Amino acid sequence: MSLHRIAVLPGDGIGPEVMEEAHKVLAAVSEKFEFEVSQETFLIGGAALDATDNITALPEATLKGCEEADAILFGSVGGPKWEHLPPDIQPERGALLPMRKHFGLFANLRPGVCHPNLIDASPVKNELIANGFNVLCVRELTGGIYFGEPKERKVIEGEEVAIDTMVYRRSEIKRIAHVAFKAAQGRDKRLCSVDKANVLQNSVLWREVVIEVAKEYPEVTLSHLYVDNAAMQLIRHAPDFDVIVTGNLFGDILSDEMAMISGSLGLLPSASLGEPDPEGHTFGLYEPSGGSAPDIAGQGIANPIAQILSLAMLLRYSLEEDEAASAIESAVEQAIGDGIRTGDIFSAKEGERKVNTSEMGAAIVERL
Ligand code: NAD
């Protein structure tokens with residue numbers, strides 16, 4: 001029986017509430033598919049600030065615990081309680097960003113899925129997405145304009161100027177392209193690379209490298225779109241897309257657009273992956289796409305599906321427990337198909353049953 005180790009970081013707001021449900025699901029799949037997972041829980045974000053007298057949102061012990069694990073299951077961090085603190089130590093900036101950097105998590109995978117039974121929750125007209133859609137956005141997370149140097153404000157010829165630099169190395173583009181092609185291989189084998197090659201040198205290189213990498217994946221059909229057009233096509237007809245690969249800035253915006261047209265943030269997981277080690281193991285941090293939802297925290301009504309699907313991604317990408325991951329995904333689909341709804345996706349239609357966080361977790365476990 002294989003033994004895996006995960007670091008669990010529930011964080012703030014609804015984080016601990018939805019993590020509880022992910023635990024139940026993990027217990028059920030590990031028994032069903034006969035693997036063992038040792039889990040250790042650590043403080044992160046506001047909870048860590050509270051415990052350290054506002055010194056750090058990312059304590060040494062948390063970092064060390066994560067280093068010793070095969071993967072991190074993350075809840076969410078932040079909330080009004082910590083917003084008065086200096087920006088650099090606030091939960092998101094002081095915990096999440098350093099974590100991504102520390103572990104070299106360069107590949108961000110965000111599925112944008114609209115279930116056919118939930119098309120009413122999407123702001124897109126029902127007839128355009130009658131069968132829902134399932135798009136995966138692969139965003140480069142540690143390069144591009146967010147990190148390029150120089151990054152500064154200064155006075156040039158008597159006028160204030162702000163400078164951000166967009167830099168992409170061939171190697172950075174190549175490794176994210178491989179992640180995207182591999183993801184497409186396991187899906188509908190269509191990859192759309194999004195850039196701005198009509199204007200940016202970065203994008204010209206991006207396109208060249210993606211085309212080169214494509215030669216290693218002859219079964220995947222590659223297309224290219226300029227980012228402005230991609231933003232429009234996603235709204236016009238999202239079902240046309242399978243996998244999208246793009247840089248840090250464009251991916252930031254497009255993945256949020258995808259979350260919006262999918263319906264509820266409470267449904268969408270995400271994975272941030274590092275480079276595979278020599279044995280082929282990929283370390284990753286898995287978290288819901290949404291935040292700590294302070295407006296509903298403590299009420300037991302948050303949707304745990306994003307956290308549960310983040311666990312499924314962890315099982316697939318870091319623990320290579322594909323069967324367990326697929327079983328969770330189908331159990332979630334069945335629960336939705338059977339009309340089980342937390343408040344965020346409840347529309348009072350016939351056949352729907354409104355449930356709380358733990359009832360949704362139980363409904364998913366029942367269907368496993
Ligand atoms: P948010 O994603 O927390 O909430 C936006 C809206 O979506 C809210 O109405 C919320 O109730 C709803 N929502 C989110 N997840 C839900 C779920 N699982 N079930 C039901 N409804 C859900 O975004 P925000 O309000 O802008 O941010 C709140 C806090 O979260 C801030 O402190 C922000 O910095 C932090 N945040 C953290 C992360 C992270 O940890 N990765 C990401 C985004 C925001």
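**Ligand shell and domain interface in a predicted model**

Reader: By class, which residues make up the shell around the ligand?
Author: The model under discussion is predicted. Sorted by class, the shell around the ligand contains 8 nonpolar, 8 polar and 4 charged residues.

Reader: Which residues come nearest to the ligand?
Author: The ligand is surrounded by 20 residues. Of these, the nearest are V77, E92, G291, A293 and D295.

Reader: How far is an N or O atom in the side chain of E92 from an oxygen atom of the ligand?
Author: E92 belongs to the group of residues that come nearest to the ligand. The pair in question joins a side-chain N or O atom of E92 to a ligand oxygen, and the separation is 2.5 Å.

Reader: Which residue places a backbone N or O atom 3.1 Å from an oxygen atom of the ligand?
Author: D295 approaches through its side chain, with a polar atom 2.8 Å from a ligand oxygen. The backbone approach, at 3.1 Å, is made by S292.

Reader: What percentage of the area exposed by the ligand alone does the protein bury?
Author: Taken alone, the ligand exposes 810 Å². The share of this area that the protein buries is 69%.

Reader: How is the chain divided into domains, and what distance separates their centres?
Author: Domain 1 is formed by residues 1-107 together with 294-368, and domain 2 by residues 123-262. Taken over C-alpha atoms, the centres of domain 1 and domain 2 are separated by 26 Å.

Reader: What area is buried between domain 1 and domain 2?
Author: The size of an interface is often expressed as the accessible area lost when the parts come together. Here, 4 residues of domain 1 contact 7 residues of domain 2. Carbon and sulfur atoms give 75% of the buried area, which in total is about 610 Å².

Reader: Which residues of domain 1 lose the most area to domain 2?
Author: Three residues together account for 73% of what the domain 1 side buries. They are R100, F106 and A107.

Reader: How many salt bridges does the rule find across the interface of domain 1 and domain 2?
Author: The side of domain 1 that touches domain 2 has 3 nonpolar residues, no polar residues and 1 charged residue. Between the two domains, 1 residue pair is in polar contact. The number of salt bridges found by the rule is 0.

How values were computed. Residues are numbered from 1 along each chain as its sequence is written. This is a predicted model: local features need pLDDT of at least 70, side-chain atom pairs count only at pLDDT 80 or more; totals for chains, interfaces and linings use all residues. Side-chain values use heavy atoms; hydrogens and water are left out. Domain bounds come from an automatic or database domain assignment. Contact means heavy atoms within 4.5 Å. Buried area is the accessible area (1.4 Å probe) that two parts lose on being put together, summed over both. A salt bridge is a side-chain nitrogen of Lys or Arg within 4 Å of a carboxyl oxygen of Asp or Glu. A polar contact is a pair of N or O atoms within 3.5 Å; within protein, one must be able to donate a hydrogen and the other to accept it, and residues adjacent in sequence count only if both atoms are side-chain atoms. Ala, Val, Leu, Ile, Met, Phe, Trp, Tyr, Cys and Pro count as nonpolar, Asp, Glu, Lys and Arg as charged, and the others, Gly among them, as polar. A residue is near a molecule or strand if one of its heavy atoms lies within 4 Å of it. Accessible areas come from the Shrake-Rupley method with a 1.4 Å probe; for residues, only the protein chains shown count as cover.
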